[in-house]
Amino acid sequence: VVIVQGGLHHLPGLPGDLAKCLSQIRRILKPGGTVVIVEPWLTPMLRLVHWGCRRAVLRAVWPKLDALAIMIEEEIETYSRWLDSADMVLRLLEENFTSEIVRFSFGKIAYRGRRA
């Protein structure tokens with residue numbers, strides 16, 4: 001089993017770095033091995049959270065929202081590129097693994113796949 005939680009959206013080069021990373025995950029998994037990935041995804045919930053991050057009043061009264069907004073501001077290039085590349089991300093996942101679960105909720109993609 002390989003678990004990636006919140007690491008792929010930090011990759012600086014898309015699609016190249018993601019393709020390399022996924023192929024290495026596939027390489028180290030035994031046949032039938034499982035990969036689990038949880039990453040940010042532009043769901044309606046995440047759009048709402050982004051809206052809140054742009055509101056100084058909300059950030060002032062909700063420290064966790066402020067922390068998220070700061071984190072997004074610090075990694076805006078890779079974060080935005082990731083969120084704007086949904087079709088490419090899904091395509092690379094499908095090319096590398098047999099998908100078992102692909103769920104989008106609460107601003108995340110939850111993915112489980114197997115190595116053929």
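**Reading the core around Trp82**

Q: Leaving aside neighbours within four places in sequence, which residues is Trp82 in contact with?
A: Contact means heavy atoms within 4.5 Å. With those neighbours set aside, Trp82 touches Leu8, His9, Leu14, Leu18, Glu39, Pro40, Trp41 and Val89. This is a predicted model, where local features need pLDDT of at least 70 and side-chain atom pairs pLDDT 80 or more, while totals for chains, interfaces and linings use all residues. Residues are numbered from 1 along each chain as its sequence is written, and side-chain values use heavy atoms, without hydrogens and water.

Q: Which members of the largest nonpolar core touch the most others?
A: In soluble globular proteins, nonpolar side chains tend to be buried together. A core here joins buried (under 20% relative accessible area, 1.4 Å probe, protein chains only) Ala, Val, Leu, Ile, Met, Phe, Trp, Tyr and Cys through side-chain atoms within 4.5 Å. Among its 27 residues, Leu8, Leu18, Leu22, Ile25, Val35, Ile37 and Trp82 touch the most other members. Eight stretches give two or more residues each: β1 (2-5), α1 (16-28), β2 (34-40), α2 (44-53), α4 (63-74), α5 (76-83), α6 (86-96) and β4 (108-114). The top contributor is α6, with 4 residues.

Q: Which side chains of β1 are buried?
A: Strands are DSSP E runs of at least two residues; helices are H or I runs of at least four. In β1, Val2 and Val4 share one face and are buried, whereas Ile3 and Gln5 point to the other and are not.

Q: How many bridges join β1 to β2?
A: Strands pair with at least two DSSP bridges; here 4 join these parallel strands. Val2 has Val35 of β2 as its bridge partner.

Methods
Buried means under 20% relative accessible area, exposed over 50%, partly exposed in between (1.4 Å probe, protein chains only).
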